[in-house]
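Welcome! Here are some exercises to work through with the structure in view, each with a solution that goes step by step.

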Amino acid sequence: YFTPAQKSAKLVFSSVNFKLRVWAINYAQALYLSNMTTMKDIEINIRTELKPGDIGYLIHMHGRIYADECGYNHIFEGYVCKTFYEFLNDYDPVKDCFWLAEINGAMIGAIVVVNRGADKAQLRWFIVHPQYRRLGLGRRLFKSSIEFCRQNGYREVYLETTAEQQTAIKMYEKAGFKKIDERINPTWGKILVEQTYVMQID
């Protein structure tokens, strides 16, 4: 998928060095987004229906984005694959729910509610592509997942993250999540402090 600005840049730089063309396309995208102030300015579709290929792309997003931004290794990507495999074996579209954000069919963000039995749920695989942050998309996905939990009788919601994800943690804490546990994880290419947050829903 290319925005109009990206298409123009792609044509202009089609005959020059590949790396320069990629830089130009990404720069055009950044300029395009710099003029956007809210999601109302960009046509973003959010769907809850899971389709073939969605899981594979979510694994790709996690592997690539966390490697680029946080220095995670292939062990992390394997971990993500494993968690999705385990989840899909028990996937129930009534009790579990996906929110997949797209632009022209290209996935740019997601969050999932996973049923954990009785009245407990877990928020998982919360991600927004770097080029589409600061537009309110993350908050919209997060709020939709919490509202789903509330409407479907979940009384406890928990999530796992790492201490370096401070922007997300501030949003969790503002919503009412409290940290209940943390432990060291040295397996994803760096020493990380994994944390568990829990919120009770009245």
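**Exercise 1. Find the polar contact that joins the side chains of Q195 and Y197, and describe the surroundings of Q195.**

Step 1. Start with the pair itself: the side chains of Q195 and Y197 are joined by a polar contact of 3.0 Å. A polar contact is a pair of N or O atoms within 3.5 Å; within protein, one must be able to donate a hydrogen and the other to accept it, and residues adjacent in sequence count only if both atoms are side-chain atoms.

Step 2. A word on the model: it is predicted, so local features need pLDDT of at least 70 and side-chain atom pairs count only at pLDDT 80 or more, while totals for chains, interfaces and linings use all residues. Residues are numbered from 1 along each chain as its sequence is written, and side-chain values use heavy atoms, with hydrogens and water left out.

Step 3. Place the residue: Q195 belongs to strand β7. Helices (H or I, at least four residues) and strands (E, at least two) are DSSP runs, numbered from the N terminus.

Step 4. Is Q195 buried or exposed? Its relative accessible area is 5%, so Q195 is buried. Buried means under 20% relative accessible area, exposed over 50%, and partly exposed in between (1.4 Å probe, protein chains only).

Step 5. List the neighbours. Beyond four places in sequence, the residues in contact with Q195 include L159, E160, I169, K179 and E182. Contact means heavy atoms within 4.5 Å.

Step 6. Look across the strands: Q195 in β7 is the bridge partner of E182.

**Exercise 2. Work out the order of the strands in the sheet, and say which ones stand at its edges.**

Step 1. Begin with the inventory: the protein has six helices and seven strands. Along the sequence they follow the pattern α-α-β-α-α-β-β-β-α-β-α-β-β.

Step 2. Put the strands side by side. The seven strands make an open sheet with mixed pairing, in the order β1-β2-β3-β4-β5-β7-β6. Two strands pair if DSSP finds at least two bridges between them.

Step 3. Go to the edges. β1 (45-47) and β6 (178-185) each have a single partner strand, so one side of each is left without a neighbour in the sheet.

Step 4. Add the twist, which averages 20 degrees from one strand to the next. Axes are lines fitted to C-alpha atoms, for helices over the stretch in contact, and angles run from 0 to 180 degrees between N-to-C directions.

Step 5. Now bring in the helices. Helix α5 (residues 137-151) packs on the sheet, and its direction makes about 165 degrees with that of β4. Helix α6 (residues 166-175) packs on the sheet too, touching β4, β5 and β7, with its direction at about 20 degrees to that of β7.

**Exercise 3. Describe how β7 pairs with β5 and with β6.**

Step 1. On one side, β5 and β7 are antiparallel and share seven bridges. One of the pairs is E156 with Q200.

Step 2. On the other side, seven bridges join β7 (residues 192-200) to β6, again antiparallel. Here K179 stands opposite Y197.

Step 3. Check the hairpin of β6 and β7: six residues lie between the strands, and G189 takes a positive phi near 100 degrees.

Step 4. How many residues of β7 are buried? Seven of its nine residues are, and β7 is mostly covered.

**Exercise 4. Set K179 beside A110 and compare their exposure.**

Step 1. K179 is found in strand β6. Its relative accessibility is 44%, so K179 counts as partly exposed.

Step 2. The side chain of K179 makes a polar contact of 3.2 Å with the side chain of E182.

Step 3. A110 lies in strand β3. Its relative accessibility is 0%, so A110 counts as buried.

Step 4. Outside four places in sequence, the contacts of A110 include L58, W99, F126 and L141.

**Exercise 5. Find which element gives the largest share of the lining of the largest pocket.**

Step 1. Of the 44 lining residues, Y66, F126, Q165, A168 and Y172 lie nearest the centre of the pocket.

Step 2. The largest share, eight residues, comes from α6.

Methods
1 Å grid on protein atoms, 1.4 Å probe; cavity = no way out; pocket = protein on both sides within 12 Å on 5 of 7 lines; lining within 4 Å.
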